[in-house]
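Got the viewer open? Let's take a walk through this one, stop by stop.

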Amino acid sequence: MPENIFGIKSILTASTMTIGEFLTCILCSALLGFLISLIYIFTHRKTGYSQSYVLTMTMLPAIIAVIILIIGDSVSSALSLAGAFTLVRFRSAPGDPKDIAYVFFAMAVGLCCGMGYIGCAFLFFLLLGVIMFVLNAVHYGAPNVSDMTLKITIPENLNYMGLFDRVLTENTTYWRLKRVKTTDFGTLFDLVYSIKVKNGIDQKKFIDDLRALNGNLNVTLVLYKYDDKIYEK
């Protein structure tokens, strides 16, 4: 194994690298991508995750490593590297900021492997992986489960000022109207409240009481945003 693979300074270029060096960089980056995907699955086993995103985490470090190996140490490396980092735009819709951070995690590992810093890549993975496990174990930054978002749809001719105050006061310890938005070409209004529900309340009765006041239109009580995800028990 060449010393520069684990050294402090990398001299790998497309013209001087051997097949062994190339395979070492790619396989190590793919392995680290797989391990990153396992961390992602573990930290999202309760909140859910997308299979396509997990597969992307596995492939991304190897893709970045290949790009860095090909561009080598030329003057245009900076521009090429900037182009490589635009791969973060692969997400078609805005996602969870933590998901985007995992993208940069995978890209950083692939960059290290592509430049020959495989030892540094494994060390970086271990340090950040341990940090992610610890933060997930202590539920760092997790919101209180009683903090929820309530969306109530009402017809345009219904005066909502003070209409839901009694029901909200009976079932919550805190509530505040955050947004009012017209929908369906102005025929409906969406009221969005930030609430903190009381312990032990009957959520079905709470929603039924609201539906009795809004003409039996939609009432949505949200804690987490769920998409097309996989959930584990």
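**The whole chain**

Start with everything selected: of the 233 residues in the protein, 33% are buried. Keep in mind that this is a predicted model. Now switch on the surface, which comes to about 14000 Å² of accessible area, with 63% of that belonging to carbon and sulfur atoms.

Next, go to cartoon view. You'll find seven helices and four strands, and from the N terminus on they run α-α-α-α-α-β-α-β-β-α-β. If you display contacts with a separation of 6 or more, 70% of them are between residues 24 or more positions apart.

**Colour by confidence**

The average pLDDT is 79, and 76% of the residues score at least 70. Select residues 165–171: that's helix α6, whose mean pLDDT of 93 is the highest among the elements. Then try residues 77–85, helix α3, which has the lowest mean, 54.

Now for the ends of the colour scale's trouble spots. Residues 1–11 stay under 50, and the model gives them 26 contacts beyond four places in sequence. Over residues 224–233 the pLDDT is also below 50, with 18 contacts beyond near neighbours in sequence. Where pLDDT is low, don't read the predicted coordinates in detail.

**Cysteines**

Which disulfides does a search of the whole structure find? Zero. Select cysteine 25 to see why: the closest cysteine sulfur, in cysteine 113, is 6.8 Å away, too far for a bond. Cysteine 25 is also buried, at 0% relative accessibility. Then select cysteine 112, which is in no disulfide either; its nearest cysteine sulfur, that of cysteine 120, lies 6.4 Å away.

Methods: Residues numbered from 1 in each chain as written. Predicted model: local features only at pLDDT ≥ 70, side-chain atom pairs only at ≥ 80, totals over all residues. Heavy atoms only, no water. Disulfide = S-S within 2.5 Å. Buried < 20%, exposed > 50% of the residue type's maximum accessible area, 1.4 Å probe, protein only. pLDDT = per-residue confidence, 0-100. Helix = DSSP H or I, 4+ residues; strand = E, 2+ residues; numbered from the N terminus. Contact = heavy atoms within 4.5 Å. Areas by Shrake-Rupley, 256 points an atom, 1.4 Å probe, with all protein chains shown as cover.
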